[in-house]
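Me: Please take a close look at the charged side-chain pairs in this protein. I'd like to know who pairs with whom, and what the surroundings are like.

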Amino acid sequence: MHDNDPRKPRPEAVAQTGATIVIPAYNEEGAIEATIEQVHETMGKTDFTYEILIVDDGSRDQTAELCKKAKARVITHEINRGYGEALKTGIREATHPWVLITDADGTYPIDRIPDLLKKTDLYDMVVGARTGDEVHVPFVRRPAKWFITKLASTLTGQKIPDLNSGLRVFSRDLAMRFMSLYPKGFSFTSTITMSSLCNNYDVLFIPINYFERVGKSAISPLKDFTGFIILIIRISALFRPLRVFMPPAALLGLGGLLTGGLTNPIGTGLLVGGINLAFLGLLADVVVRRTRF
């Protein structure tokens with residue numbers, strides 16, 4: 001953490017303060033009870049203080065009733081408001097300074113939760129990266145996932161093994177700082193990853209397995225892919241504008257030179273466009289540095 005960094009000091013590790021385990025759920029009666037039981041069993045073998053907070057996001061099945069039966073705290077949205085909104089509710093209502101999120105559908109290895117919690121003495125956020133020996137990601141999603149991850153890594157200047165893993169622990173202060181940026185949908189995890197890395201928070205990625213889900217996925221590959229691209233560029237422009245504006249500015253300038261420069265109308269237009277884009281990037285960078293989000 002730098003001297004002029006406006007971030008709050010990281011709270012003491014989970015071992016000293018405890019963690020709220022937030023699980024968003026929407027029509028997850030087929031898996032939620034087993035997930036809660038796994039969390040209780042796993043955490044019961046540790047010395048960590050914890051609570052399980054289920055955010056029932058307008059489920060129309062028996063999700064809420066099963067959660068209460070499994071001894072979890074439940075907050076209910078009257079209507080379905082989206083994955084991101086469910087997590088925002090959980091973060092706001094958390095009673096501990098650390099928040100761990102996971103899914104209710106059986107895809108994430110609950111037994112790895114303690115491994116993430118143990119690293120909070122050194123990191124602001126610890127992410128379970130789905131790069132283990134057993135990773136069940138539908139083949140149709142893999143090209144888009146690869147492209148999105150590469151784009152995010154390029155724009156942040158840091159290698160990101162898994163941009164949007166839903167198993168992670170982070171300080172509540174970190175999450176609250178970027179609350180206004182989180183979307184309603186599935187790109188919550190991408191947003192908090194990008195925002196944290198762009199603002200020099202200490203983030204650790206730990207390889208984990210990823211299993212086949214119980215029930216039907218609510219993700220729309222084409223719609224969400226487009227949304228992820230827009231989000232990555234927007235977050236990068238907000239915190240690292242030079243990485244967004246300078247590459248296309250350089251391409252326009254090079255195109256202008258190759259097409260005759262000022263001796264050719266097309267070349268002139270490309271050069272002027274490149275210069276304008278570069279100055280826009282510099283202006284955005286000055287604003288970011290002065291405001292220090």
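Reply: Helices (H or I, at least four residues) and strands (E, at least two) are DSSP runs, numbered from the N terminus. By that count, the protein chain has eleven helices and seven strands. Please keep in mind that this is a predicted model, where local features need pLDDT of at least 70, side-chain atom pairs count only at pLDDT 80 or more, and totals for chains, interfaces and linings use all residues. Residues are numbered from 1 along each chain as its sequence is written, and side-chain values use heavy atoms, leaving out hydrogens and water.

A little setting helps before we zoom in. The C-alpha atoms fill a box of roughly 75 × 45 × 40 Å along the principal axes. The chain has 293 residues, and 49% of them count as buried (under 20% relative accessible area; exposed is over 50%, partly exposed in between; 1.4 Å probe, protein chains only). Among contacts (heavy atoms within 4.5 Å) with a separation of 6 or more, 76% join residues 24 or more positions apart.

Now to your pairs. The structure holds ten salt bridges, each a side-chain nitrogen of Lys or Arg within 4 Å of a carboxyl oxygen of Asp or Glu. Let's start with Arg10. Its side chain meets that of Asp124 in a salt bridge, with 3.3 Å from N to O. This pair links distant parts of the chain: Arg10 sits in the segment before α1 (14-17), while Asp124 lies in the loop between α5 (113-117) and β5 (125-129), 114 residues apart. How covered are the partners? Asp124 has a relative accessible area of 2%, so it is buried. Arg10, at 27%, counts as partly exposed.

Arg10 also forms a salt bridge with Asp202, where the closest N and O atoms are 3.6 Å apart. Here again distant parts are linked: Arg10 comes from the segment before α1, and Asp202 from the loop between α8 and β7 (203-207), 192 residues apart. Asp202 is partly exposed, because its relative accessible area is 33%.

Next comes a pair between strands. Arg73 and Glu51 form a salt bridge whose closest N and O atoms are 3.2 Å apart. Arg73 belongs to strand β3 (residues 73-77) and Glu51 to strand β2 (residues 50-57), so the pair ties together parts that are 22 residues apart in sequence. Arg73 is partly exposed at 29% relative accessible area, whereas Glu51, at 15%, counts as buried. Returning to the earlier trio, salt bridges that share partners join Arg10, Asp124 and Asp202 into one network.

The loop of Asp202 comes after α8, and that helix deserves a look too. Helix α8 covers residues 188-198 and is mostly covered, with eleven of its eleven residues buried. Among the buried residues are Phe188, Ile192, Met194 and Leu197, along with Thr189, Ser190, Ser196 and Cys198. After α8 comes Asn200, which has a positive phi, near 65°.

For a contrast with that covered helix, go to helix α11 (residues 265-291), where you will find Phe279. Phe279 has a relative accessible area of 56%, so it is exposed.

If you are turning the model on your screen, Arg10 is a handy place to start: from there you can follow one salt bridge to Asp124 and another to Asp202.
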